[in-house]
Amino acid sequence: MKLWDKTLLELHKLLSSREVSSIELLDSVLQRIHEKEPSINAYLCLMEQAARKQAETADRRFQKKENLTYLTGIPIAVKDNICVQDYPTTCASKMLKNFIPPYNATVVEKLLDSGAVLLGKTNMDEFAMGSSCENSAFGPTRNPWDTSCVPGGSSGGSAASVAAGEAVGALGSDTGGSLRQPAAFCGVVGLKPTYGIVSRYGLIAFASSLDQVGPLARSSFDCSKILQCIGGYDPKDATSVQLEISELENNDYFQKDNSQKYLEEIKNRIIGIPEEFLNEGTDSDVKQAVTQAADCLESLGAKVVMVNLSSLKYALSTYYLIASAEASSNLARYDGVRYGLRISKEKSGEMFKTTRSDGFGKEVQRRIMLGTYALSSGYYDALYLKAQKLRHLIKQDFDKAFQKCSLFLTPTSPTAAFKIGEKISDPLTMYLSDIYTIPANLAGIPALSVPVGFSSKNLPISVQLLAPRFQDFLLLMVGSFLEKLSLEIP
Amino acid sequence: MDPYQVTPELVKHIAALASLDLTPKEEMQFSKELNRILDHIKHLQSINTEEVEPVFHTSWTLNRLRKDEENPSLPPSMILRNAPEREGNLFKIPPVLEMTSKGDDSEAFSEEDKTSNGL
């Protein structure tokens, strides 16, 4: 039975009514994976045997009607920078090619507790640095809508797996747009949650003050169910917010189960479009999509206004200093001593250097260099500290603007998916594809990407919604009105 | 000293700080690329931030201390499973310091030290 093209909600209903079993669902998705992988390459590692056991356990839970959640029996893919015990977690890097985590990330524990079925680990840009999935040490992932195009990055494998029907939902991570931009390129929904509401324990660190784990799925509703599962306070993450996800669920509009009530919530809300977000480098197709989304929200009774967020002009530059600085510090641990690659040398100092130069790809080295420079003696004040001050201005700018508007509407990415090879030789052009997603990470606020249509070249186009901290479920509710889910999976 | 420009000598210095071994060709390549990126972010210096406090992260939490309680941690065998080279319960690495015949200090460790280190 063909089940891989359904949403999490549809499958949950089929599983709950016992019309299909978790094993049948898993078989359908695995068959699809084997069919599509030669052309997509979304996965770095499949966990078939373990998945089968998890599906059997899920079926027993359904039989006994015990511990059932929305995720029980649902096949989920996990980005390869999130630790799954006893399975390789490589960050798509030669450096961690043979690394087997001795523990599960908190988000993985939560998925397993809820009865989800883990399919495997998905491809990404090495150490989550990149916007195209081309920086993987194990070959690029291809966009299911056009295999000559990139799926976006860095969570490109996760987004492509959901878009191609190779997973019902997926976990990714987002430091500057790594969930939202690939979601946009692949035509799926992606949420970067509020900083601190999803544990980072077991997520391999890139830039700790910006990194967040979040869901990718075929609808906003599906994303809300994954968020409910993975969110909540975790004492193992020192930056975890001391709030239970149930406290946020007071804002979960889907639980009210009454679309009339959601509509009341949208009515008379003021939604801002920051002028700075529609710059010259943005495709007309994308601008048009934002206008159409604005029209749709107005037709539901919201008021759409143009706003000014002047600090956004320096968000990208600020981001590259902060993210690279934190990365250079986080990646100092890869020295060939305790785990990962080691290139043997006679002296330790030589071993560190050779191991790092051999194990890290070019983009990772470039960012380590920029970050080390920004933190180095004599340049710290002018570069790193300056960037942290600018982050304060950006945050203040958002705080002020949220007094006038309850949400912002923007493009997710200035363009639809680009061709493989088109931007890889020019780091700066590649960085510019994150220009709209980066501000949310700097401000720590939640941001959602929802597909709203197709470009003239028949590639998915999405818009982004931004909300104040802890309004993640509001975003998902509004997103559910904007999303145009593709009826056909490529 | 303009912070938005790097010379090949400075790149060499940064690579040493970052423990990266660059070929002369890579040094040139990184100089070029870093200068392009720095040129792009140069506009930051014109923004006045004198009165602004830095924000290092956005979760608004203060240092949170855990309770001083004993908890089981992962067994050494699990941790050492990923070690490139090990000896007993230790990670083994090549020498850090030069050994000289005169300064051979293998006797500096008592037998007791060796045992407690798992040797």
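## A buried strand in chain A

A residue is called buried here when its relative accessible area is under 20%. With that in hand, welcome to this predicted model, and let us start with strand β6 of chain A, residues 212-217. Gln212(A), Gly214(A) and Leu216(A) point one way from β6(A), Val213(A), Pro215(A) and Ala217(A) point the other way, and all are buried. Because six of its six residues are buried, β6(A) is largely enclosed by the rest of the structure.

Which strands pair with β6(A)? Strand β4 of chain A, residues 169-174, runs antiparallel to β6(A) and is joined to it by six bridges; here Gly169(A) has Ala217(A) as its bridge partner. Strand β5 of chain A, residues 189-192, also pairs with β6(A) in the antiparallel sense, over two bridges, and Gly190(A) is matched with Leu216(A).

## The sheet around it

These strands belong to an open sheet of 11 strands with mixed pairing, in the order β1-β3-β2-β4-β6-β5-β10-β11-β9-β7-β8 of chain A. Its edge strands are β1 (43-46) and β8 (303-307) of chain A, each pairing on one side only. On average, neighbouring strands of the sheet are turned by 30° against each other, direction ignored.

For a parallel pair, look at strands β2 (residues 75-79) and β3 (residues 117-122) of chain A, which share five bridges. Pro75(A) has Val117(A) as its bridge partner in β3(A). Helix α3 of chain A, residues 48-64, packs on the sheet and touches β1 and β3 of chain A, with its direction at about 155° to that of β3(A). Helix α15 of chain A, residues 381-404, lies across β7 (270-274), β9 (407-411) and β11 (460-466) of chain A, and runs at about 115° to β9(A).

## Two crossing helices

How do helices α11 and α18 of chain A cross? The axes of α11(A), residues 284-299, and α18(A), residues 472-482, come within 10 Å and cross at roughly 105°. Angles of 65 to 115 degrees count as roughly perpendicular, so that is how α11(A) and α18(A) lie to each other. On the α11(A) side the contact is made by Ala293(A), Cys296(A) and Leu297(A), and on the α18(A) side by Val478(A), Phe481(A) and Leu482(A). By class, this contact has six nonpolar, no polar and no charged residues.

## Chain B

Chain B holds four helices and two strands, running α-α-α-β-β-α from the N terminus on. Of its 119 residues, 26% are buried. Its accessible surface comes to about 9100 Å², with 53% belonging to carbon and sulfur atoms. Among contacts in chain B with a separation of 6 or more, 45% come from residues 24 or more positions apart.

How values were computed. Residues are numbered from 1 along each chain as its sequence is written. Chains are lettered from A and ligands numbered from 1 in the order in which they are written. This is a predicted model: local features need pLDDT of at least 70, side-chain atom pairs count only at pLDDT 80 or more; totals for chains, interfaces and linings use all residues. Side-chain values use heavy atoms; hydrogens and water are left out. Buried means under 20% relative accessible area, exposed over 50%, partly exposed in between (1.4 Å probe, protein chains only). Two strands pair if DSSP finds at least two bridges between them. Contact means heavy atoms within 4.5 Å. Accessible areas come from the Shrake-Rupley method with a 1.4 Å probe; for residues, only the protein chains shown count as cover. Axes are lines fitted to C-alpha atoms, for helices over the stretch in contact, and angles run from 0 to 180 degrees between N-to-C directions. Angles under 35 degrees count as roughly parallel, over 145 as roughly antiparallel, 65 to 115 as roughly perpendicular and the rest as oblique. Ala, Val, Leu, Ile, Met, Phe, Trp, Tyr, Cys and Pro count as nonpolar, Asp, Glu, Lys and Arg as charged, and the others, Gly among them, as polar.
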